[in-house]
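Grab a pencil and try these short exercises. Each one comes with a worked solution.

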Amino acid sequence: METNMGLEKLLYLQGVGAEYIDCYGQHAHIAPSDRLGILASMLAKPYENADPVPPVDSTLSLDIDESVITDKTHDLDVAPWLSLLPSFQFCYLSSPVIIIYLAEQLTEIGFTLKFEDGVELSSGKTVFEWRSHTKDLQIIGDYRHNNIRYCRYQVSLMDYISETLPLGYHRLTAVNVTHTDAVSELDSASGTLMIAPDTCFQGAIANNTQDPIKSTIDIIKPANTKLWGISIQLYSLKSSHNPTDGIGDFKALKQLIEFSAEQGADFVMLNPLHALDIANADNCSPYSPSDRRRLNPLYINIDEVPEAKVNSINTDSLGVEVNLNHIKLISYKRVFDYKYKIFIKLYELFCSQQVSSTTRYALFTAFKKQQGSSLAAFCKDQIAHAPEWLSMPADFYAYLQFIAVEQLRACQQYCLSLGMKIGLIGDLAIGAILQGNEVQSHVEQFCTHASIGAPADRFSPSGQNWGLTPLDPIKLKQHNFSHFIDLMRTNMQFYGALRIDHVMGLLRLWWWPLNKSLGNGAYVYYPLDTLLAIVCLESQRAKCIVIGEDLGIVPPEISTAMQQRHLLSNQLFYFSQNQHGFIAPQQHKTHSLMMLANHDVAPLKGWWQGDDLHIRDRLALYPNSQQYQDEQRQREKERYQLLQWIDVGLKTLSDSDVALASEFNNLSAKITSLIANSVDNGLALGALDNLAFDQLLDAWLMVAAISESSLFCVQLSDLMADKHSINIPGTWKSFPNWQRRLTTTIDHLKQDKKMRQRCQLIAAVRRQTSCLKKDF
C-alpha cells in the first residue's frame, strides 16, 4: 500500500516510524499498512469509562480522510509557528534559553518570568522582567506559510539575568510591545518554561566531580564506590511474625532491610508496588497495574496500623481462611478477601476514634488535600470496580493509600537509619491497563486503541503484546507533559533510586493496534529530550538515583542520552556475553546496575539445571522440538563458558587480598580439569551435573561481585540457592507467574550460616576489588 506525500508527512509528525534495526542487526522496514493502522488508532476517538474493557472498534480503517490529513498536518506542522510561545518548553541550567516564534520583522518583545511557588532569586525577586529586540536574537529555524517567513528565535537568559536561575516549572509570558493592541497569538502568549539540571541525582554513586548544578548538592562519595544490594519480589517474603497474611508485606520488608544492612548491603531492590486491578485480584502481575501512582494495599503491614495496635481484631468473624502462610503459591483472591475485611474493621475504628482535633486525623486530611483530585479520582474508580461485598466510601480507599504511603516511607527511612547509602530501589512499570484508573482518568493523554509490546525477535517470533495502554506523544505534549511529570514525581518520592522499566520507551515504543485488522504494529517515537529533562529535574528534587532498564533492542540514541544525563544502565549477567563467552566482570559498564538475574530469567540453579528450558518445552512455547534441542545444546555450551569465566575470575581473586578466596582453590582446580578435558568447548549433555552446586554458586557470586558496575544486585532467591522462576515470559494461566513464595521465613534466613557467608563474600569482594586492574 503506497502512501501519498501528505499522508507520509502526517505519519512523520505523529511519530510513526518507518524502519528500525532489529535484534539481528538488520534493517527492518515497517509495512505502510501497519503504519497506517497505528495512525488510524492514534486519530480515533478515545475509549472512556471502559467498564468492562470495550470491544475493539471495528469501524476503524486504513482509509484516512484527506480533510483529516490536512487539519492534523496544520495543527502539528503550521500552528506552532503561529504562536509567540510554545505552551511548554525547557532548557538546562547550564545553558538557559527560551524560544519564541515571530513573523520576520524588527520588533521588541517584553518578557515576564514568574518563578514556580514564589521562589526568590538572590536579589529577592520572584518575578523577572526584560525586553529583547529581534535584531539582537539568533534565528535558529524558519518556516514559510502563506508567503510569510516565520522565524524561530533563541533568547539567551544569561544576557538579561545575571543571577543563578532556580530549577522548576516557571510561568513565562511574552508580549510584542510594538503592537500595543496585542490581540493575536503572535503578539501575546504564555507558557511553561522548565529549567532542568543537566543530570540526574547521583547521591552515593557520585564520583569526586561535582554535578554541574549550583542549586542542588549531591552527596559526594569517593570515586570507584562499588555498592551492592539484594533484590526481592516483596509478595514472596515470609515472616514468622505474620503467620496469617499469605503475602509479603512492609513488616517483612523491614525485616529484610535489617538483615541486608547487617550484611553490609546498601540497598534493597523491589518489584513494582503499583495498585493492581481491584476487580480481579488474580490479575497479579506487578507490571500490569491499574495505576502506577498508587500503592497496592495488600502490602500494608496490619500490625503497624495504629488502629490495630490499640485494638484487637477478631479474625474469627471474618468468614475467610486466615492461615495462608503455609501455601506455596499465593492465592491473591483469598489474600484480598482476608486483608480487605480487616481493612474495613480498621477503617471503622479510625472513623470512630478520630476527631477533627487529633493529629492523626489532621495528617489524613493533609494527605487528601495534597493528593487532590488525583486521589479522589482513584477512590471513585475503586468504588466503581470493587467486588459487591466491598461497599465502602471514597475515604476508605484514601485511608488505605494514606497507610501504605506512610509505611513505605518508613521503610525507606529505616534503610537510611541503618546506614544504607541508597535504601530502597523502586521499579516503575512501562504502562498501565486500559480499564484501570490511570488511563481512564487521563484518557485524553493515552492512545486507547493500541497496546504496548515488542516486535518479533529470536525469543518471540510473533512479537510480544503486553496489554498495556501507551501514552500518546502528541497528546502528552498538548497537555504540557503533566501526566508524565506526575508519574515521575509520585514514584520518586518513596525511593533512593528508581528503575524505569523498558527505558527505551522514552524514545520509542512498539504499538500493536487493538483492532487486528489494522496490521501488525509499528514503532511510535516520543520527545526523548523533553522527557529526559523532566526525569533529571524530578530526580534532583526527590534526591532519587535513576536506573534505565535498557535490555533488548537498544537504539544508540538512548545509550548516548543516558550517559549524558547520568541515568544508570541496567545490565543482566546472562545477557552480558560476546562471541567468546561471558564478559569479564572488570569490563562491565561502570555507570550501571549489574543484576545477576531478574524476574524474567531463572535463578542460577534453575538456569544451570536447564529448568527454564524444560518448562518452556512442557508449555509448548517452542515452535518445534528442534529449537528446544538447539537451546539445550546452547545452554550446555554456556555452562562451560561459565566455568571458564569462573576459573579466570577465581585466579584473579587469588592474586588479590580478598578474604576467604583460598577456600575455592579446590573448585578452581576441578573447573580447570573439566575445561582441559572438554572437546570443542563442550562435553556430553549432562557431564557437569555432578559438580557441587553450592560451591559453584559461591564462586559465581564472588567472581560476579568483581563487577565494575557502581551497583551490584543479587536476588534473595539466588542467595538461597532456589531454582524456581518468578515469571515465564509468554505465559499467563499456564504457569503460576508472580505467585511463588519463598520456602523459608526471613527469621530462618537470618540464622542460615551459608546465606550470611555468601553475603560476606560479596561484601568483601565489593570492598576490596575497586582498584583491581582490568586485564581479566
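**Exercise 1.** In this predicted model, find which residues of helix 12 meet which residues of helix 13. Then sort the contact by class.

*Solution.* Start on the helix 12 side: Leu 528, Leu 532 and Cys 536 make the contact. Across from them, helix 13 brings in Glu 557, Ile 558, Ala 561 and Arg 565. Now sort them: the contact of helix 12 with helix 13 has five nonpolar residues, two charged ones and no polar ones.

**Exercise 2.** Work out how helix 12 (residues 528-542) and helix 13 (residues 556-565) are arranged.

*Solution.* Two numbers help here, since a packed pair of helices is described by the distance and the angle between the axes. The axes of helix 12 and helix 13 come within 11 Å and cross at roughly 30°. Angles under 35 degrees count as roughly parallel, so helix 12 is roughly parallel to helix 13. As for handedness, helix 12 passes helix 13 in a right-handed crossing.

**Exercise 3.** Take the open sheet ordered 17-16-19-20 and say which strands stand at its edges.

*Solution.* First, the sheet has four strands, paired antiparallel. Strand 17 (464-468) and strand 20 (522-525) each have a single partner strand, so they stand at the edges, with one side left without a neighbour in the sheet. On average, neighbouring strands are turned by 50° against each other, ignoring direction.

Next, look at strand 19 (residues 508-513), which pairs with strand 20 over four antiparallel bridges. There, Leu 509 stands opposite Val 524 of strand 20. Finally, helix 2 (residues 32-43) packs on the sheet and touches strand 19 and strand 20. The direction of helix 2 makes about 85° with that of strand 19.

Conventions. Residues are numbered from 1 along each chain as its sequence is written. This is a predicted model: local features need pLDDT of at least 70, side-chain atom pairs count only at pLDDT 80 or more; totals for chains, interfaces and linings use all residues. Side-chain values use heavy atoms; hydrogens and water are left out. Two strands pair if DSSP finds at least two bridges between them. Helices (H or I, at least four residues) and strands (E, at least two) are DSSP runs, numbered from the N terminus. Axes are lines fitted to C-alpha atoms, for helices over the stretch in contact, and angles run from 0 to 180 degrees between N-to-C directions. Contact means heavy atoms within 4.5 Å. Angles under 35 degrees count as roughly parallel, over 145 as roughly antiparallel, 65 to 115 as roughly perpendicular and the rest as oblique. A crossing is left-handed if the near helix is turned anticlockwise from the far one by less than a right angle, and right-handed if clockwise. Ala, Val, Leu, Ile, Met, Phe, Trp, Tyr, Cys and Pro count as nonpolar, Asp, Glu, Lys and Arg as charged, and the others, Gly among them, as polar.
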